[in-house]
Amino acid sequence: MKYSYNWLKWYIPDAPEPEKLADIFTYHLAEVENLEKLPDGDTVFDIKILPNRAHDLLSHQGLARELSSLLNIAFVDPTPKYKIPESKPSDLKIEIESEKCRRYSGRIIRNVKVGPSPEWVVKHLESIGQRSINNMVDAANLVMFDCGQPTHIFDLDKVQEKLVIRQAKEGEELTTLDNKECKFKSADMVIADAERALAVAGIKGGKIAEVDNNTKNIILEVANFDPTAVRKTAQSLNIFTDARKRFENDLSPELVSYAMRELSALILEMCPEAIFEDVVDVYPKKQEQQKLKFRTEKISKVLGLEVSVEEIKDILKRYNFSYTEKGGEFEIEVPHMRLDLNIEEDMAEEIGRVIGYDKLKGVVSHVDFKPKQNELYTKIVWARNKLKEEGYSESMTTSFANKGEVEVMASASDKNFLRTNLTDGLKESIKLNQTNAPLLGLEKIKVFEIGTIFKKSGEEMHIAYGDKKEIKEITLDEYTSQMEKNSVALPASGLRHEQNFSPSASPVFKMWSLFPFIARDVAVWVSDTVESNQVLKVIKENAGDMVVRGPELFDEFKKDGKVSYAFRIVFQSYDRTLTDTEINEVMNKISEKIKANGWEVR
Amino acid sequence: MSDNKTGTIHPLTLLADEAYQTFSELGFEIVTGPELESEWYNFDVLNVPKDHPARDMQDTFVIKNEKEKVLRTHTTAVIARAMEQAGKDGRMPAAFISVGKVFRNEATDFSHEMQFYQIDGGMIGENISLANLKGVLTHFYKKMLGDEVEVEFRPSFFPFTEPSIEVFAKFNGKWLEMMGAGMAHPNVLKNIGLDPKKYQCLLFGGGLDRIAMIKWGVPDVRLFYQGDLRLNQI
């Protein structure tokens with residue numbers, strides 16, 4: 001979610017500078033995906049709130065409260081700022097028929113005027129990438145991004161008789177505010193009037209009771225729904241909204257009262273002539289006060305860091321947790337919004353992240369355990385070493401295929417099956433590498449792959465190896481049947497000691513050019529007193545800067561006191577396709593220099 | 001250019017071998033497991049309930065006409081299976097390491113591929129802590145990327161660990177996200193028949209391809225699975 005720095009400062013005027021705040025988020029709370037400076041001087045943080053804190057942190061107030069506790073700075077309570085409207089008794093009828101609705105609060109407001117929002121509202125919404133629509137929609141959005149509670153507004157005059165929160169009828173239909181046609185199943189929950197479904201509960205409002213420019217009287221909805229029910233319905237209708245995101249992660253029903261007050265006050269500010277009726281609050285089962293016990297000793301043991309009772313008390317006080325403590329054992333009253341705190345280990349995380357994980361000293365541990373040798377790995381290493389010695393190079397190809405016996409659902413690619421063999425992939429690999437044989441310095445391409453294939457009967461570990469003429473594929477078990485029992489898996493011939501596997505920072509991989517290469521051979525007749533290196537040197541010095549491989553001596557033979565050396569050179573550019581003409585020029589130059597040495601080009 | 005040359009080995013294999021050796025030296029046992037995994041081990045055992053937003057954290061390939069089967073999205077399940085068996089065999093405390101192919105159903109680009117290799121590990125005992133996790137992983141990344149590497153923990157969330165952390169390594173002056181880790185959630189230990197009151201278990205898991213890309217400067221993860229021998233340079 002995006003958070004405006006200036007908005008946060010409403011609540012925590014003593015907040016540190018944005019850059020410092022970003023570091024605090026990173027090391028004590030959540031990942032900052034982006035930090036953007038706006039032209040008006042505001043800074044916007046895009047913070048990745050994970051599911052365990054979606055209950056309380058997907059809002060400016062929630063984040064500000066967290067920061068106030070974390071940094072031990074003042075939190076300015078916004079409640080007194082909102083004028084509570086005077087209200088009259090209401091005859092709004094709300095009926096909760098589905099147990100998936102945990103609380104439903106409604107309020108009728110008459111004589112509103114739909115129009116543009118005050119500038120500060122527009123500015124707040126725009127700072128976090130939201131568009132201002134009209135004062136009613138904006139008020140609802142502002143409340144959600146401010147305190148985390150999704151709300152909805154109906155046009156009272158389009159609602160027949162009452163609001164009913166019920167399961168949908170099988171096949172019942174609704175058009176959403178953004179003109180999406182929904183067809184419900186009975187597992188879906190809707191907000192309806194006496195006749196029709198008006199909204200998809202907790203997800204999206206419908207067209208029927210939409211607030212428009214002529215709307216005079218409205219009903220505010222501030223409610224709480226079961227997270228799983230919301231998630232299932234949203235998934236089956238394929239609707240993603242900010243409301244869904246909050247409800248499916250579970251919100252405290254206790255948040256409803258505050259949000260209703262904030263939404264009412266905003267509408268009063270926007271429409272001073274409005275006439276408010278009393279809130280009708282249906283709340284069948286109040287959220288229970290959770291208590292959580294934890295031991296100081298356990299916290300220290302999980303973290304591997306000595307934490308004192310006093311340190312924990314300090315944190316609990318900063319976070320306004322009511323607690324009792326006796327001999328290092330705490331019992332806290334978990335705040336309603338902190339649905340993530342259920343077990344002792346949750347407190348270890350809470351205390352660990354507040355203190356900071358940088359305080360942990362890394363300790364390499366050994367346990368009293370006798371590892372057994374892994375049979376599959378031993379076989380793989382044995383087979384791989386054998387094939388490597390025989391000149392086969394290792395290839396890895398995709399596990400996905402166009403056809404097969406095991407099909408995956410809804411793949412992001414066009415290959416929807418799992419491979420039934422390694423051979424098909426290896427054939428492609430050989431084809432590709434054969435084209436590149438001069439680049440690889442190989443005359444003949446020999447490859448192998450060890451990997452899983454998938455049949456109806458289950459998966460099997462296969463091994464395939466071969467060249468362009470023939471590929472053999474058998475199970476790894478068959479291939480290793482000649483392996484001696486008790487063979488020890490030496491991790492691939494002691495790689496650690498091969499110089500290339502130094503853990504040093506210098507990269508040794510060189511990305512290849514994506515342009516075609518040109519391979520040329522040159523054979524030179526010289527007196528047999530001339531070493532091949534002397535010839536190579538002359539070729540190398542005159543081959544230009546497009547050489548990616550060679551010159552490499554690939555053939556030599558002697559006859560009548562003379563010797564023939566044949567070299568191969570591979571040319572390739574990293575930024576263009578080389579032409580034959582320019583390479584001919586290079587080769588001509590090489591020939592001239594060879595002749596200038598008194599040698600002969602064959 | 002003779003035909004008798006020995007072949008070349010894929011860089012991910014070299015890295016996996018090195019990782020196995022490093023953890024073997026710390027007393028970890030190498031374990032392997034199936035690529036087609038049951039939903040139970042891939043999700044439920046790891047405290048990722050059905051119909052919970054946490055299941056969205058990984059895009060999963062579901063198998064057609066085979067209910068309850070998925071292409072594994074991690075190799076943490078392999079560690080969980082091994083711990084479960086070790087518990088039954090009375091082999092506690094214990095430590096396991098696994099490198100294996102995993103799958104994610106997502107659009108591919110230079111840093112995302114539908115298949116990649118993941119390294120997962122766990123160590124269980126009566127006094128295993130987050131500090132041990134830091135020690136073990138710091139040792140590992142120094143072996144992989146060099147002695148000058150630093151490791152730091154940042155807060156995170158995974159359903160199967162509590163506390164959960166994101167592991168970052170500083171390589172060539174930059175902090176890079178390397179893996180997810182934490183202490184096994186008590187529900188995970190319960191699910192595999194171990195007593196969370198008695199045991200604490202560190203868990204970690206992350207992409208091997210990513211380490212290879214960072215270590216050797218390989219620019220595109222997709223290069224690893226194209227059967228291109230130009231990759232075997234190491």
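This passage describes the overall form of chain B and the packing of two helices in chain A, as they appear in a predicted model.

Chain B contains 6 helices and 10 strands. For its 234 residues the globule rule gives a radius of gyration of 17 Å, and the value computed for chain B is 18 Å, close to that figure, so chain B is as compact as a globular protein of that length. The C-alpha trace of chain B spans about 60 × 45 × 35 Å along its principal axes. With respect to burial, 60% of the 234 residues of chain B count as buried. When contacts in chain B between residues at least 6 apart in sequence are considered, 67% of them join residues at least 24 apart.

In chain A, attention is given to helix α5, which comprises residues 119-127, and helix α6, which comprises residues 135-147. Two packed helices are described by the angle between their axes and the distance between the axes. The axes of α5(A) and α6(A) come within 10 Å and cross at roughly 55°, an angle that lies between the limit of 35 degrees for roughly parallel axes and the lower limit of 65 degrees for roughly perpendicular ones; the two helices are therefore oblique to each other. The crossing of α5(A) and α6(A) is left-handed. On the side of α5(A), the contact is made by Val121(A), His124(A) and Leu125(A), while α6(A) contributes Asp138(A), Asn141(A) and Leu142(A). Classified by residue type, this contact of α5(A) with α6(A) has 3 nonpolar, 2 polar and 1 charged residues.

Definitions and conventions
Residues numbered from 1 in each chain as written. Chains lettered and ligands numbered in written order. Predicted model: local features only at pLDDT ≥ 70, side-chain atom pairs only at ≥ 80, totals over all residues. Axes fitted to C-alpha atoms, helices over the stretch in contact; angles between N-to-C directions. Helix = DSSP H or I, 4+ residues; strand = E, 2+ residues; numbered from the N terminus. Parallel < 35°, antiparallel > 145°, perpendicular 65-115°, else oblique. Left-handed = near helix turned anticlockwise from the far one by under 90°. Contact = placed C-beta atoms within 7 Å. Nonpolar A, V, L, I, M, F, W, Y, C, P; charged D, E, K, R; others polar. Rg over C-alpha atoms; globule rule 2.2 N^0.38 Å. Buried ≥ 20, exposed ≤ 12 C-beta atoms within 10 Å, placed from the backbone.
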